[in-house]
Amino acid sequence: MAQRPYIVGNWKMHGTRAMVAEARAIDRAAERLIKVEVALAPPATLIQAIRKEASLIGVGAQDCHTAEGGAHTGDISAAMVKDAGAGFVIVGHSERRANHGETDADVRAKAQAALAVSINVIVCVGETEGQRDAGQAEAVVASQLDASLPRGEHVLERVTVAYEPVWAIGTGRTPTTEDVAAMHRAIRAKLLEIYGEGAEAVRILYGGSVKADNAAALLAADEVGGALVGGASLTAESFVGIVVAAAERLEHHH
Ligand code: PGA
């Protein structure tokens, strides 16, 4: 972890205003752990409330539309989430890819839409269990990266990649640290191929069943620059445990 580790909570479709207190508690804890960059991606309905309550943590959206605006009932544009207080947007989460049929081209267009309004973007990739069993995990992820990552100016300052094996999400199962390291090295190589040398600075997060008790091992794997956390980000108690693990990992490194 060359840079500040980045720990991002993805609340998915969880959270009403009652949970703003949880975000506030996470923000307070982050003040004591400033070596770690902490962020939350709550449902869009809570972005504004959490942005108001939290002073230190990043706040982002879980998705945005590809278009700037228009006749798209129920959708939200990148400019709108930015206006609500989001500093970043997650695109290409496997649940969006699976539940909404999002293709790599859609994911890239969403990422470009985020960059067009000058917010950061976390691009998610990851293989299914069948693809891993067939020995295709690295090839699948490489092709997702090729076709999903945004291009153009300021990409390198704004893009983060999240590797989330689909079979590890919400299952309590994780790849071995060796498998995580191998995939993250492959992702780094691909990023260098796509973006050139500047891609050394792009953080690659691991996601999928990260908990306080496995975070240290996963974060210690080669090329892992942080974590994208679902279930364990829903309470300050479990999420802060992961942030602490990231901070401790940093101590050991110095
Ligand atoms: P999980 O979800 O931590 O609940 O496995 C991770 C994610 O989908 O980002």
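Author: Here a helix is a DSSP run of H or I with at least four residues and a strand is a run of E with at least two, numbered from the N terminus. This is a predicted model, where local features need pLDDT of at least 70, side-chain atom pairs count only at pLDDT 80 or more, and totals for chains, interfaces and linings use all residues. Residues are numbered from 1 along each chain as its sequence is written, and side-chain values use heavy atoms, leaving out hydrogens and water.

Reader: How many helices and strands does the chain have?

Author: Eleven helices and eight strands.

Reader: How do you know that the chain agrees with a compact globule?

Author: The rule is 2.2 Å times the number of residues to the power 0.38, with the radius of gyration taken over C-alpha atoms. For 254 residues that comes out near 18 Å, and the chain has 17 Å, so the two agree. Along the principal axes, the C-alpha atoms fill a box of roughly 40 × 40 × 35 Å.

Reader: What makes a residue part of the lining of the largest pocket, and which lie nearest its centre?

Author: A pocket is an open set of 1 Å grid points, over the protein atoms alone, where a 1.4 Å probe fits, with protein on both sides within 12 Å along at least five of seven lines; a lining residue has an atom within 4 Å of a point. This one has 21 such residues, with Lys-12, Gln-62, Asp-63, Arg-96 and His-100 nearest the centre. Helix H4 (residues 94-99) gives the largest share, three residues.

Reader: Which residues come nearest the ligand?

Author: Lys-12, His-93, Glu-164, Gly-170 and Ser-209, out of 13 around the ligand; a residue counts if one of its heavy atoms lies within 4 Å.

Reader: Why is the pair at Glu-164 called a polar contact?

Author: The term needs a pair of N or O atoms within 3.5 Å. A ligand oxygen sits 2.6 Å from a side-chain N or O of Glu-164, so the pair qualifies. Polar backbone atoms of Ser-209 and Gly-230 are each 2.8 Å from a ligand oxygen.

Reader: What makes phi of Lys-12 stand out?

Author: Most residues other than glycine have a negative phi. Lys-12, in the loop between strand S1 (6-10) and helix H1 (20-31), has a positive one near 55°. Glu-223, between helix H10 (212-220) and strand S8 (226-229), has about 70°.

Terms used. Polar contact = N/O pair within 3.5 Å; in protein donor to acceptor, adjacent residues only side chain to side chain.
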